[in-house]
Amino acid sequence: MATKTGDKKGRTAFNPFKHNKEIYNEDHEMFRTSLRKFIEKEVTPYFQQWEEDHYTPRELFNKMGEQGFLCPQVDPAYGGLGLDFGFNRILAEETARVGSGLGTASLHSTVVVPYLEIFGSEEQKKKYLPKFVSGEMLTAVAMTEPGTGSDLSGLNTTAVKDGDHYVINGQKTFITNGINADLIFVAVKTDTKIQPAHRGISMIMVEADTPGFSKGRKLKKLGGHSQDTAELIFEDVRVPAENLLGEEGKGFYYLMEKLQQERIICAEGALALAQEMLKSTIDYVKEREAFGQPISKFQNTQFEIAEMTTELTIGRTFLDSLASRHMNGEDIATEVSMAKWWITDMARRMSSRCLQLHGGYGYMEEYEIARRYRDVAVMPIYAGSNEIMKNIIAKNIGL
């Protein structure tokens, strides 16, 4: 939430970029400060090269683990810090401020690892969680297939029980962190005949060096260049039955249960991106002159900035409220769906408005808004498309 500060003339100035002190305490802010210093040293000088390479080096995440920035919520019994969800929000926000390549850290820590924390056996937790915290192992979740998107019940990757192993065959695509991942949580069909079809979905953990498993193309995308996205191929991959997460046939329900948190994090990233676009645009319009004055003095510019500042503040207030309710264990699937679609859509609209205010320079790669414009395009699509979010809302209000 934005805060008010006094200016030199004693008037009250509104700052949309301050964090809500009612949400974050001193420990949270110390974590934020440390993470920002780490990013300034280990990321900022190299980020443009990573964008050109379409890849963020694996070694970065080892360093993040060594500094305690990965999986802050994991129980100390497994090597974590046992911190609250607010720290995961900060991780999502601060990495999104830089660029999508760092999104791997938030995906790993806040989206994928919780599957194991909640649904894994004690043996699985002891085996993997310490490695997730240290950065020794990175994770990905593989749901999407070439022929299926949001409709998980239509997936075709199968896992057939053969003694004390499962044999997996199929293909996944659009898998974020697919190249860097050491352990993949794979949605598979263990029962292809049961109806409804989603009751046949299970989740199995596959280590990247398992025979028969291969990483396909590193996909070239419109935006998010520094974050690797890949195809994954499973050809008679034999995985120990002990790598089944939870129970057979419960995979769909596991995925649905954790989507609430994933969508909060998705909205958090979009909000951080919107904030950075607005901040850089305000700086630009104050400096750029036309017809003898800064373009910030033109009424159209002021109206555009005023509207975007209002939308940003509304989004932040709503998301802060939802995050607090989520931490209290409330079921807020409807409201989270609202936040995911509205905030990501707002960020996408803002990218176009901010680029327009940059004029011709906004179309130049040397200006940050060009990259932000590309990066934000996918946000209304992933973590459940915004059309699916509206379907959920409509269903939950009785339509």
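**Exercise 1. Determine what Arg36 contributes to the contact between helices α1 and α4.**

Step 1. Arg36 is partly exposed, its relative accessible area being 30%; this class lies between buried (under 20%) and exposed (over 50%), computed with a 1.4 Å probe and protein chains only. The model is a predicted one, in which local features need pLDDT of at least 70 and side-chain atom pairs count only at pLDDT 80 or more, while totals for chains, interfaces and linings use all residues. Residues are numbered from 1 along each chain as its sequence is written, and side-chain values use heavy atoms, with hydrogens and water left out.

Step 2. Arg36 and Glu94 form a salt bridge through their side chains, with an N to O distance of 2.7 Å. The term denotes a side-chain nitrogen of Lys or Arg within 4 Å of a carboxyl oxygen of Asp or Glu.

Step 3. Because Arg36 belongs to helix α1 and Glu94 to helix α4, the pair ties together parts 58 residues apart in sequence. Helices here are DSSP runs (H or I, at least four residues) and strands likewise (E, at least two), numbered from the N terminus.

Step 4. Glu94 is buried, with a relative accessible area of 0%.

**Exercise 2. Identify the salt bridge that Arg32 forms and place its partners in the chain.**

Step 1. The partner of Arg32 is Glu94, and their closest N and O atoms are 2.7 Å apart.

Step 2. Arg32 is in helix α1 (residues 26-42) and Glu94 in helix α4, so that the pair links distant parts of the chain, 62 residues apart.

Step 3. Arg32 and Glu94 are both buried.

**Exercise 3. Analyse the pair Arg353 and Glu311, then state which residues the salt-bridge network joins.**

Step 1. The side chains of Arg353 and Glu311 meet in a salt bridge at 4.0 Å, N to O.

Step 2. Arg353 lies in helix α9 (residues 333-358), whereas Glu311 lies in helix α8 (residues 299-327); the pair therefore ties together parts 42 residues apart in sequence.

Step 3. Arg353 counts as buried at 17% relative accessibility, and Glu311 is buried at 18%.

Step 4. Salt bridges with shared partners join Glu29, Arg32, Arg36, Arg89, Glu93, Glu94, Arg97, Glu268, Glu276, Lys279, Arg316 and Asp320 into one network. A search of the whole structure finds 30 salt bridges.

**Exercise 4. Describe the backbone of Cys71 and Ala383, and the peptide bond preceding Pro196.**

Step 1. Most residues other than glycine have a negative phi, and most peptide bonds are trans.

Step 2. Cys71, although not a glycine, has a positive phi of about 50°. Cys71 is located in the loop between α3 (58-66) and α4 (85-98) and is buried, with a relative accessible area of 1%.

Step 3. The backbone nitrogen of Cys71 lies 2.9 Å from a polar atom of the Ser109 side chain. Ser109 belongs to helix α5 (residues 103-119) and is buried, with a relative accessible area of 0%.

Step 4. Ala383 also has a positive phi, near 60°. Ala383 occupies the loop between α10 (368-375) and α11 (386-396) and counts as buried at 15% relative accessibility.

Step 5. The peptide bond from Gln195 to Pro196 is cis, with omega near -10°. Pro196 is in the loop between β6 (183-189) and β7 (201-207).

Note on methods. Polar contact = N/O pair within 3.5 Å; in protein donor to acceptor, adjacent residues only side chain to side chain.
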